[in-house]
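Thank you for making time this morning; I would like to walk you slowly through a structure that may be new to you. Please have the view open as I speak, and follow along helix by helix.

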Amino acid sequence: MKKLVLIIGLACIGQLAEAQKKIIKQANVERVIRTLAADDMQGRAAGKPGGLQAAKFLAAEFERIGLEKMPGLTTYEQVFPAYEVQVVASSVTLNGSAVAPENVLPVSGLPTLSWTSEDAAPPRVIVIGPQDNVRQQMGALLQPTANTLVLVDPAHAQRFKQLSGYLSHGGMQGEQPKPFASVFVLAAAPAAPVKFAATATTTIKTVELRNVVGVLPGQAEDKARAAEMVVFSAHYDHIGILPAVAGDSIANGADDDASGTTAVVALAEYFKNNKLEVGKKKKKNQRTLVFVAFTAEEIGGFGSKYFSQQIDPQKVVAMFNIEMIGKEAKFGPQTAFITGYERSDFGKLLQQKLEGTPFRFEPDPYPEQNLFYRSDNATLARLGVPAHTISSDQIPTDKLYHSVDDEVESLNLTNMTAIISAIARSATGIIGGEQTPTRIEPASVGQRP
């Protein structure tokens with residue numbers, strides 16, 4: 001008898017898992033992610049041809065599915081300006097000795113600069129010592145509001161090199177650069193007062209960036225309820241072209257974040273074509289669903305910032321931001337984690353709708369990584385929205401992160417499809433108007449580290 005019960009129990013679990021997979025078609029998931037992560041997308045860098053190609057593909061997918069356009073837009077593309085800043089020449093001397101060019105990194109809103117320590121009003125000098133938080137301190141100076149020479153201790157050479165690589169093809173800014181500059185120099189601070197000279201020439205070019213947005217209007221009879229929004233989002237941009245490794249220079253970004261963007265497309269198609277259990281009836285989405293693929297997450301979150309300025313955050317009841325779901329989570333298959341889990345009851349509500357299935361949403365196991373602040377959810381969270389990121393990546397040990405080897409072949413598409421299916425199931429209470437997550441306290445959400 002016990003064996004029979006066990007067999008029946010295992011069969012039920014298997015049927016639940018299989019039913020969960022069938023919510024989202026894996027073949028469609030594979031088609032979309034292979035398109036986004038293909039070499040011809042050139043790593044989908046924001047403002048580059050590959051990024052534009054990816055945006056056009058996503059807009060075509062939203063049109064195929066039959067989404068409506070965001071009010072005020074005539075296309076699915078939400079276009080906005082950004083500013084590409086390219087340093088074309090620079091030099092620095094410290095106490096009479098020339099600094100190697102690779103150890104000089106100007107970030108400038110000035111067409112030209114020529115500084116010396118003997119100037120009547122010299123730039124300020126800041127030292128980032130070996131024990132200082134280099135990510136935080138350098139980050140605060142990347143949009144300069146005062147002329148600053150920054151001496152970065154060689155202990156931070158890896159971070160300096162990483163930042164230099166990101167900016168080598170032109171740094172992007174979401175706002176018109178102010179007429180100031182930060183000149184970072186990888187050098188130990190001299191014991192005596194430093195004498196210096198610095199020069200730089202910079203070009204500043206306006207470029208168009210674009211989010212891709214589609215909408216399913218709310219169907220509730222209560223117009224106020226129908227106007228409430230649930231956002232499903234991911235960023236489609238990645239980091240473009242890198243120095244070649246074994247002949248490969250394209251950072252395809254299959255997991256980061258073609259996986260999340262694929263989920264947004266799959267969820268849009270699912271909710272467009274299916275009714276939900278609302279009470280004891282089958283109904284279409286009661287709240288308005290907004291599906292958005294953000295640009296420029298990798299270079300400052302400019303896409304999500306612009307999007308947040310075009311909507312009323314008080315009308316957004318939840319944001320499902322999806323980032324890097326192509327690999328199994330540390331908790332095993334049929335699991336994912338939610339960043340900022342403790343900041344609202346969003347995660348608990350989702351899990352309620354998964355009762356009876358094998359899938360589990362867990363709290364973020366990597367709080368030291370500050371993941372809650374490092375994706376596009378943070379912009380709306382700062383405005384009080386229960387905005388969380390769903391992920392499965394084991395980021396502390398992920399050797400493929402931001403590399404040319406982040407390819408579709410490294411992903412588990414079956415498990416990824418199960419995660420997307422779980423998101424679809426778990427969201428039904430919120431989009432059906434039965435559940436409303438608690439708001440996030442805006443003051444509790446700091447700036448991106």
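Before I list any partners, let me say that when I speak of residues meeting one another, I mean that they have heavy atoms within 4.5 Å. Please also keep in mind that what you see is a predicted model.

Let me begin with helices α3 and α7, whose axes come within 10 Å and cross at roughly 15 degrees. Because angles under 35 degrees count as roughly parallel, α3 and α7 are described as roughly parallel to each other, and the crossing in which α3 passes α7 is right-handed. On the α3 side, the residues that take part are Leu-58, Glu-61, Phe-62, Arg-64 and Ile-65, and in α7 they meet Thr-261, Val-264, Val-265, Ala-268, Glu-269 and Lys-272. Sorted by character, the residues of this contact between α3 and α7 comprise six nonpolar, one polar and four charged.

Helix α7, which covers residues 254-273, also packs with α11, residues 413-426, and here the axes are 10 Å apart at an angle of about 50 degrees. That angle makes α7 oblique to α11, and this crossing, too, is right-handed. From α7 the contact includes Ser-259, Thr-262 and Tyr-270, among others, while α11 brings Met-416, Ile-420, Ile-423 and Ala-424. The residues of the contact of α7 with α11 divide into nine nonpolar, two polar and no charged.

Now, which elements does helix α2 pack against through its buried residues? They are α3, α7 and α11, so we return to the helices I have just described. The buried residues of α2, which spans 26-36, are Asn-28, Val-29, Val-32, Ile-33 and Leu-36, and they cover an arc of only 120 degrees around the axis, which puts them on the same side of α2.

Helix α5, residues 157-167, can be read in a similar way, with Arg-159, Phe-160, Leu-163 and Ser-164 as its buried residues. Seen down the axis of α5, these fall within an arc of 135 degrees, so they line one face of the helix, whereas Gln-158 and Lys-161, on the other side, are exposed. The buried residues of α5 pack against β3, α4, β6 and β8.

Finally, please find Glu-102, in the loop between β2 and β3, which is exposed with a relative accessible area of 56%. Glu-102 and Leu-354 are 252 residues apart in sequence and, from C-alpha to C-alpha, 53 Å apart in space.

Conventions
Residues numbered from 1 in each chain as written. Predicted model: local features only at pLDDT ≥ 70, side-chain atom pairs only at ≥ 80, totals over all residues. Heavy atoms only, no water. Axes fitted to C-alpha atoms, helices over the stretch in contact; angles between N-to-C directions. Helix = DSSP H or I, 4+ residues; strand = E, 2+ residues; numbered from the N terminus. Parallel < 35°, antiparallel > 145°, perpendicular 65-115°, else oblique. Left-handed = near helix turned anticlockwise from the far one by under 90°. Nonpolar A, V, L, I, M, F, W, Y, C, P; charged D, E, K, R; others polar. Buried < 20%, exposed > 50% of the residue type's maximum accessible area, 1.4 Å probe, protein only. Arc of directions from axis to C-beta.
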